[in-house]
There are 2 protein chains.
Amino acid sequence: MAKSYFSGINNPMAPRNIYLHTLPVPEALERARAALDRAALVATQRTPTHEAAGRVTAAPIYAHLSSPPYHSAAMDGYAVRAEDTFGAREEAPLKLEPGRTCFAVNTGQALPENTNAVIRIEDIITRADGALEIEAAAYPWMHVRRVGDDVIATELLLPQNHLLSPYDIGALLTAGVWEVDTWEPIRLTFVPTGDEVLDFTTRPTPQPGQVVESNSQIFQALAHQWGAVTRRVPPVPDDPERLRAAVQEALESDAHLVVVGAGSSAGSKDFTRQVFESLGQILVHGLAVSPGKPTLLAVAQGKLLVGAPGFPSSAIVCFEEIVAPLVAWLGHRQPPLRPRKDVKLTRKTASKLGTEEILRLAVGTCGEQALATPFSRGAGLLSSLTRAQALARIPANSEGIEQGAELEAELLVPEANLERVLLHVGSHDNTLDLLSNELMGLADPYRLVSTHVGSLGGLTALKDGSAMISGCHLFDPHSQDFNFPFLARYVPDIPLTLVNLAIRHQGLIVAAGNPKDIQGLADLTRADVNFVNRQRGAGTRILLDHHLQQTGIAPRSINGYQREEHTHMAVAINISSGAADCGLGIFSAARALDLDFVPLASERYDLLIPNHLLDDPRIVTLLELLRTTRIREKIAALGGYEVYLTGEIMTPGLGLGR
Amino acid sequence: MAKSYFSGINNPMAPRNIYLHTLPVPEALERARAALDRAALVATQRTPTHEAAGRVTAAPIYAHLSSPPYHSAAMDGYAVRAEDTFGAREEAPLKLEPGRTCFAVNTGQALPENTNAVIRIEDIITRADGALEIEAAAYPWMHVRRVGDDVIATELLLPQNHLLSPYDIGALLTAGVWEVDTWEPIRLTFVPTGDEVLDFTTRPTPQPGQVVESNSQIFQALAHQWGAVTRRVPPVPDDPERLRAAVQEALESDAHLVVVGAGSSAGSKDFTRQVFESLGQILVHGLAVSPGKPTLLAVAQGKLLVGAPGFPSSAIVCFEEIVAPLVAWLGHRQPPLRPRKDVKLTRKTASKLGTEEILRLAVGTCGEQALATPFSRGAGLLSSLTRAQALARIPANSEGIEQGAELEAELLVPEANLERVLLHVGSHDNTLDLLSNELMGLADPYRLVSTHVGSLGGLTALKDGSAMISGCHLFDPHSQDFNFPFLARYVPDIPLTLVNLAIRHQGLIVAAGNPKDIQGLADLTRADVNFVNRQRGAGTRILLDHHLQQTGIAPRSINGYQREEHTHMAVAINISSGAADCGLGIFSAARALDLDFVPLASERYDLLIPNHLLDDPRIVTLLELLRTTRIREKIAALGGYEVYLTGEIMTPGLGLGR
């Protein structure tokens with residue numbers, strides 16, 4: 001074959017791929033189905049019945065045996081001929097003669113010949129001389145399971161295209177069906193690609209510019225849930241020839257569908273489209289859905305080729321919205337459907353017109369209401385995927401959803417789990433991780449789902465009703481008190497209880513060994529010191545500003561004062577990577593990254609709890625946990641904390657309590 | 001060990017097991033948990049991360065690597081130092097110099113040194129001379145994913161006791177976590193027992209008194225859904241020594257839990273209790289739930305022993321209500337929870353006080369309402385288990401549920417499937433099996449769930465709103481018409497449309513070769529002819545009575561007139577097994593069992609459809625299907641049918657239409 005289709009692709013200034021116009025997901029699926037000949041692609045497979053649970057029948061299944069296969073006792077007792085017992089009554093008991101007019105039977109046992117009823121053991125009277133009597137007549141077929149009561153040989157047990165349940169397996173074996181014709185499992189091959197991706201199987205240590213290839217494993221784990229079987233080949237570098245060879249090989253294997261991981265976008269090293277074009281015909285390039293837009297569909301050798309986006313959250317949309325329904329269709333299954341639930345959105349969320357937007361949500365029920373807070377929508381954010389309980393869609397024709405709006409969410413966890421979710425929105429602290437893990441260790445575990453928006457953000461969340469608890473460490477220089485002075489201003493209408501989580505040390509996080517010898521705030525104004533700040537509203541920022549004011553240091557004199565991070569760990573990683581020389585943060589963040597710490601002040605980190613939730617089992621459990629010695633010891637062991645107030649209810653004016 | 005614990009068990013008149021007082025399920029579970037030392041019984045297991053989906057973490061997991069591991073481009077474009085671009089605006093465009101002040105980057109690529117922003121490719125203007133310009137300044141970190149944006153090394157990724165999702169696998173690998181500590185899968189051993197049970201692996205042909213052992217396979221398929229691993233030993237006969245040896249061996253294997261299938265009841269051959277007593281300590285004998293009562297729990301060698309009932313529907317309750325939650329608890333998982341849905345019960349259902357009753361329901365949505373009809377509650381009925389969409393519980397303190405009552409059902413199928421269920425209640429006909437299979441073969445398949453209550457029962461169901469369609473073949477001798485004459489009397493308030501399914505032949509089903517030479521109704525009065533009848537209200541019964549009246553034969557002169565079966569196939573099986581010599585039924589039932597057939601009359605079998613459902617997609621699809629040539633050919637091929645009216649709308653007075 002001529003190589004013209006690759007012309008120019010190694011020229012960095014070559015025109016990049018241009019998306020065909022993006023298609024809504026249903027249309028993309030329709031094109032894919034229309035381009036495939038399912039009957040030619042997917043074969044049937046004879047499967048031993050006892051291994052067929054989760055498989056789909058390829059033909060109707062008829063019973064070979066009846067069930068019960070004979071008239072049998074439905075109770076423990078004595079089999080009789082009903083007609084022999086007519087006339088028996090309390091005043092005129094009838095004597096039964098074992099072995100002649102009655103026969104002991106256990107449940108399930110075949111009726112002896114010439115019997116047609118069973119008298120329950122408890123309805124038989126044993127006289128003092130051992131004689132057996134009854135005081136009521138039996139009727140024909142009393143306590144008898146007649147042959148074929150359940151299943152009759154030759155009748156339809158299950159139709160075609162039926163997903164076999166464990167119960168079905170029992171019914172099939174009972175009916176003497178030892179093998180069933182099923183649709184073969186759909187076989188999927190995943191081809192990771194990219195110069196930057198590292199093969200996780202080698203347990204690599206990434207260098208700058210390298211990332212661990214993990215999309216293939218998300219894909220495989222999902223595909224197994226769909227009943228598919230999967231294969232993954234080692235990552236292929238950004239070389240069109242090698243990528244083409246890998247896809248060609250996958251096409252020539254027994255795979256029904258081939259997914260190329262990454263390279264489907266419009267970057268200069270995105271070769272998937274050219275490769276697909278050289279092997280077959282492009283069906284779709286670009287979905288009208290976000291994340292997930294850079295999805296590519298093609299057909300070659302009668303098989304479907306999928307170019308998946310590289311960012312995990314985009315890739316997952318491609319897997320779940322495109323590949324999953326097509327795999328279901330190929331396998332004659334119903335597409336996987338998530339349970340739905342109406343939720344209340346706690347945060348206004350904008351969306352782009354013309355593109356369906358998929359939001360991942362933290363959801364917890366609060367009384368009758370399920371509260372949903374969207375996670376940030378960065379394309380790469382795997383962490384929000386691991387924390388979400390649901391997703392919701394903003395339709396293409398909407399510019400967004402208002403705060404407080406009801407919308408239908410698709411649940412990613414069993415609905416009952418939502419009652420076990422404890423939603424935290426507020427300041428970040430490492431003790432929250434500890435709490436999160438401890439709550440999951442309880443006999444009745446709870447899942448702490450935490451969104452980090454700083455102390456003031458937490459107050460807003462409490463006001464909006466989107467947080468069940470909120471971590472807060474706001475210092476008021478005027479009263480020298482913590483948190484209480486801010487409540488009247490920000491959440492005047494919400495009665496709150498403040499419970500201390502810990503007293504924590506704030507200080508300057510500096511590189512290991514403190515190479516720039518930073519000893520206090522005065523050093524921040526040095527020309528050779530790069531500072532990294534926390535975002536406006538963060539308690540740490542307020543504490544810094546207070547100390548700067550007290551020492552008369554102008555913020556503008558600090559190199560990097562404008563540079564904002566949102567968590568202690570993000571500040572620490574700036575120091576660790578050399579992007580900054582110091583930042584204000586907590587001890588545990590410094591220690592986690594083996595950095596040094598110059599203590600500056602102590603502050604009170606409290607959990608704010610709306611009073612109407614104080615009886616909620618999640619809150620009750622949390623407060624009980626905080627009052628245990630064990631949790632105090634574990635917090636103290638983190639370093640940088642004092643626990644003399646932990647678990648106690650705070651009152652205004654308490655300050656640091658000593 | 002002394003053998004005294006077995007004394008008397010081979011004596012048929014020995015006292016049978018007496019249930020300890022039956023326990024509600026929650027109390028039984030509590031006893032089992034209290035008797036087990038989970039920490040000693042279940043170990044942790046180091047698992048490669050990419051094989052850990054579906055496993056449960058045994059310890060908190062912290063990130064090893066940050067994600068992104070470096071500052072990286074969030075868009076395709078050019079990396080710049082934002083500060084270099086300040087001042088650029090439409091009136092004062094800024095020229096960028098590739099390789100000096102700007103650097104081409106693809107999404108995901110690491111930012112070149114000394115850059116801190118990315119300008120999207122579409123925001124770069126290429127002048128005629130090839131020069132690159134921008135008309136707006138970049139701001140620091142614009143379109144950049146900063147190191148640790150998603151995950152920061154050392155932070156908690158997942159807490160202990162967390163069920164790992166496919167997404168989690170991606171997050172773990174991205175964070176450089178190659179192995180995770182998980183709880184080992186719970187290992188279950190199933191010991192089938194009973195002299196009558198046949199090992200399905202030998203593909204046996206049962207003789208009278210024998211049944212195929214299938215509970216072990218229901219159990220294993222269910223257990224795999226719970227994340228457990230299973231082993232099954234060959235069936236053990238009703239011999240206490242051999243059963244004890246088998247249980248002992250299972251206890252000494254690595255199994256965490258041993259289930260003995262059957263033998264836990266009170267029959268004289270139920271040895272499970274004695275065996276458990278000899279090996280350990282009985283915890284529970286008898287559950288206050290139906291089906292499922294004869295469940296036995298014991299503890300031996302620190303492991304749980306479960307004696308499961310023998311009837312499949314009882315066994316399943318034992319598996320799902322007792323074993324599943326205990327396996328979940330052992331594995332630190334949430335117990336499996338079914339989605340709930342409010343349904344309307346279409347049939348009054350009685351229940352025994354003091355026992356929780358579990359009903360299996362046929363459920364289909366009809367508009368906003370989900371209609372639920374309980375299947376019959378015979379303990380052995382596997383077929384209803386395969387057909388049910390949901391289950392419901394009648395609490396122990398209730399005597400039953402009224403028709404029309406709302407109750408909360410637990411769904412066994414995805415909720416969306418309920419919209420695809422077509423509920424038939426009425427007369428049985430083999431063409432319904434054919435329709436059922438054809439409907440599942442459609443691109444958008446429907447599930448026909450059929451309950452057989454005869455033609456008049458179907459009219460009642462239509463009246464109650466519990467049927468979406470109803471098969472009916474009621475002959476009115478006075479008008480010589482079918483079905484219409486009965487509507488005014490039984491369903492006066494429900495406007496119905498009648499669509500013909502087929503004209504079918506009714507006749508006398510007789511043994512192969514017609515050994516008693518039965519040629520017509522007159523032969524039914526012969527002393528040597530045993531008849532089997534259909535139940536009162538069945539169209540076939542009415543047809544018989546009409547012909548008897550016409551020929552002047554008194555029902556009482558027919559031997560077996562009082563003996564009732566509910567379906568054609570049940571009648572046929574009576575003939576096939578020799579329990580009767582003949583019965584009235586349809587040709588296809590005779591042919592299915594290789595019996596002979598003496599035609600007697602033709603009748604019109606119609607589907608009755610409430611008019612308000614005529615636009616329902618299920619009904620529309622059904623009617624379209626009935627008008628295809630293909631379906632007519634398939635019905636005709638069954639034999640005993642004529643299809644000249646199939647799919648057509650019937651009008652009063654049409655009779656057989658020719």
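This passage walks through the contact between two chains, a few strands and helices, and selected salt bridges in a predicted model.

The interface between the two chains comes first. Chain A contributes 100 residues to the contact and chain B contributes 99 residues. Together the chains bury about 8400 Å² between them, with carbon and sulfur atoms accounting for 62% of that area. On the chain B side, the residues that lose the most area to chain A are Tyr167(B), Trp178(B) and Arg203(B), which together make up 9% of what that side buries. Between chain B and chain A there are four salt bridges. One pairing across the interface is that of Arg203(A) with Glu179(B), whose closest N and O atoms are 3.6 Å apart. Polar contacts between the two chains amount to 14 residue pairs, with both residues at pLDDT 80 or more. Helix H4 of chain B (residues 166-174) supplies eight residues, the largest share of the side of chain B that touches chain A. That side of chain B divides into 50 nonpolar, 28 polar and 21 charged residues.

Strand S22 of chain B (residues 340-345) offers a clear pattern to follow by eye. Its side chains alternate: Lys341(B), Val343(B) and Leu345(B) point to one face and are buried, whereas Arg340(B), Asp342(B) and Lys344(B) point to the other face and are not buried. Two strands pair with S22(B). With strand S28 of chain B (residues 406-411), S22(B) forms an antiparallel pairing over five bridges, and here Val343(B) stands opposite Leu407(B). With strand S25 of chain B (residues 369-374), the pairing of S22(B) is parallel and runs over two bridges, and Lys344(B) stands opposite Leu371(B).

A salt bridge also connects S22(B) and S28(B): the side chains of Arg340(B) and Glu410(B) meet with N to O at 3.9 Å. Arg340(B) in S22 and Glu410(B) in S28 are 70 residues apart, and the pair thus links distant parts of the chain. Arg340(B) is partly exposed, at a relative accessible area of 40%, whereas Glu410(B) is buried, at 7%. In chain A, salt bridges that share partners join Glu320(A), Glu321(A), Arg338(A), Arg340(A), Glu356(A), Arg393(A), Glu408(A) and Glu410(A) into one network.

Turning to the strands of chain A, S25(A) (residues 369-374) is mostly covered, with five of its six residues buried. Strand S22 of chain A (residues 340-345) runs parallel to S25(A) and is joined to it by two bridges; in this pairing Leu345(A) stands opposite Ala372(A). Strand S24 of chain A (residues 356-366) pairs with S25(A) in the antiparallel sense over six bridges, placing Ala362(A) opposite Thr373(A). S24(A) and S25(A) form a hairpin with two residues between the strands, and Gly367(A) in this hairpin has a positive phi near 65 degrees.

Another glycine with a positive phi, near 85 degrees, is Gly578(A), which follows helix H14(A). Like S25(A), this helix (residues 568-576) is mostly covered, and eight of its nine residues are buried. Among the buried residues of H14(A) are His568(A), Met569(A), Val571(A), Ile573(A) and Asn574(A).

Over all chains, the whole structure holds 78 salt bridges. In chain A, Lys634(A) forms a salt bridge with Glu438(A), and the closest N and O atoms are 2.8 Å apart. Lys634(A) lies in helix H17 (residues 629-638) and Glu438(A) in helix H10 (residues 430-439), so this pair ties together parts of chain A that are 196 residues apart in sequence. Lys634(A) counts as partly exposed at 36% relative accessibility, while Glu438(A) is buried at 7%. Arg127(A) and Glu135(A) form a further salt bridge, with the closest N and O atoms 3.6 Å apart. Here Arg127(A) is partly exposed at 31% relative accessibility, and Glu135(A) is likewise partly exposed at 31%.

Ala136(A) sits in the loop between strands S9 (132-134) and S10 (144-145) of chain A. At 48% relative accessibility, Ala136(A) counts as partly exposed, because the exposed class begins only over 50%. Leaving aside neighbours within four places in sequence, Ala136(A) is in contact with Ala88(A) and Arg89(A). Thr85(A) is 51 residues from Ala136(A) in sequence, yet their C-alpha atoms are 7.8 Å apart in space.

Conventions: Residues numbered from 1 in each chain as written. Chains lettered and ligands numbered in written order. Heavy atoms only, no water. Contact = heavy atoms within 4.5 Å. Buried area = accessible area lost by both parts, 1.4 Å probe. Polar contact = N/O pair within 3.5 Å; in protein donor to acceptor, adjacent residues only side chain to side chain. Helix = DSSP H or I, 4+ residues; strand = E, 2+ residues; numbered from the N terminus. Nonpolar A, V, L, I, M, F, W, Y, C, P; charged D, E, K, R; others polar. Buried < 20%, exposed > 50% of the residue type's maximum accessible area, 1.4 Å probe, protein only. Pairing = 2+ DSSP bridges.
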